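Me: Could you take a close look at one helix of this model for me, and at what surrounds it? I'd be glad of the cut-offs behind each term as well.

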Amino acid sequence: MWMIPHTLAGVTLATKIENPSISLPLALLSHYLLDFIPHWTQTPTFFGKKSIALYVDFIISLSLGLFFALKFPFGSNEFWIVILGAALGNFLDAVRIPALLLRRDLPSTQSHSLISIAEKIHAKLDQDVKHEKEKLVFKFTKGNVWIGIGTQILTVVLCLWLLLT
Ligand SMILES: [Zn+2]
């Protein structure tokens, strides 16, 4: 999914679950769950015109993270827990950054490094990025941009509703 739903899921968990030793691991794992829901994104890249969407997504996500963190006093424990929740919600995409910059591709799944193992799980569950259609769980939604955007809008609306009510 795009960064915005991942960020809001992390923020929602960090805000609504009082114990950070529960909420923060859940924020990390929420990434796999959201990527398992049928969705549409671009293949991530830092180069060319396609990268503009990635930067816009990042700036909106950062603003949302700060907005909800600043509902608590700046620098307080709660403030940092919300920031961490937002960061952990995106962490499994963030570990792809070195490979995206250096190889201009997703990390290899062939080594035994932690990044490689995380990428292997990511690639298995993610219903969008770089999948052969035959390997998907939700085949009918692959390539359907409207369903792929709709599921992310629903995620965003649900999180905002939980956060703002
Ligand atoms: Zn992902």
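Reply: Happy to help; here is a walk from the whole chain down to helix H4 and its surroundings.

This is a predicted model, in which local features need pLDDT of at least 70, side-chain atom pairs count only at pLDDT 80 or more, and totals for chains, interfaces and linings use all residues. Residues are numbered from 1 along each chain as its sequence is written. The mean pLDDT (the predictor's confidence in each residue, from 0 to 100) is 92 for the chain, and 96% of its residues reach 70 or more.

First, the setting. The chain has seven helices and zero strands, where helices (H or I, at least four residues) and strands (E, at least two) are DSSP runs, numbered from the N terminus. The radius of gyration is 16 Å, close to the 15 Å that the globule rule gives for 165 residues, so the chain is as compact as a globular protein of that length. That radius is taken over C-alpha atoms, and the globule rule is 2.2 Å times the number of residues to the power 0.38.

Now to H4 itself. Helix H4 covers residues 77-94 and bends by about 35° at leucine 88; the bend is the angle between axes fitted to the seven residues ending there and the seven starting there. Leu88 is also among the buried residues of H4, together with others including Ile81, Val82, Ile83, Leu84 and Asp93. Buried means that 20 or more other C-beta atoms, placed from the backbone, lie within 10 Å of a residue's own; exposed means 12 or fewer, and partly exposed is in between.

What do those residues pack against? The buried residues of H4 pack against H1, helix H2 (20-36), helix H3 (51-69) and helix H6 (114-125). Contact here means C-beta atoms, placed from the backbone, within 7 Å. Val82 gives a local example: not counting residues up to four places away in sequence, valine 82 touches Val11, Ala14, Thr15, Phe68, Ala69 and Phe72.

Val82 and Leu84 also appear, with Leu8, Val11 and Ala14, as the residues touching the most other members of the largest nonpolar core, which has 22 residues. Such a core is a set of buried Ala, Val, Leu, Ile, Met, Phe, Trp, Tyr and Cys residues joined through C-beta atoms within 7 Å. H1, H2, H3 and H4 each supply at least two residues of this core, and its largest share, seven residues, comes from H1.

H1, one of the partners of H4, is itself mostly covered, with 13 of its 14 residues buried. Among the elements of the chain, H1 has the highest mean pLDDT (98), while H6 has the lowest (91).

Terms used. Contact = placed C-beta atoms within 7 Å.
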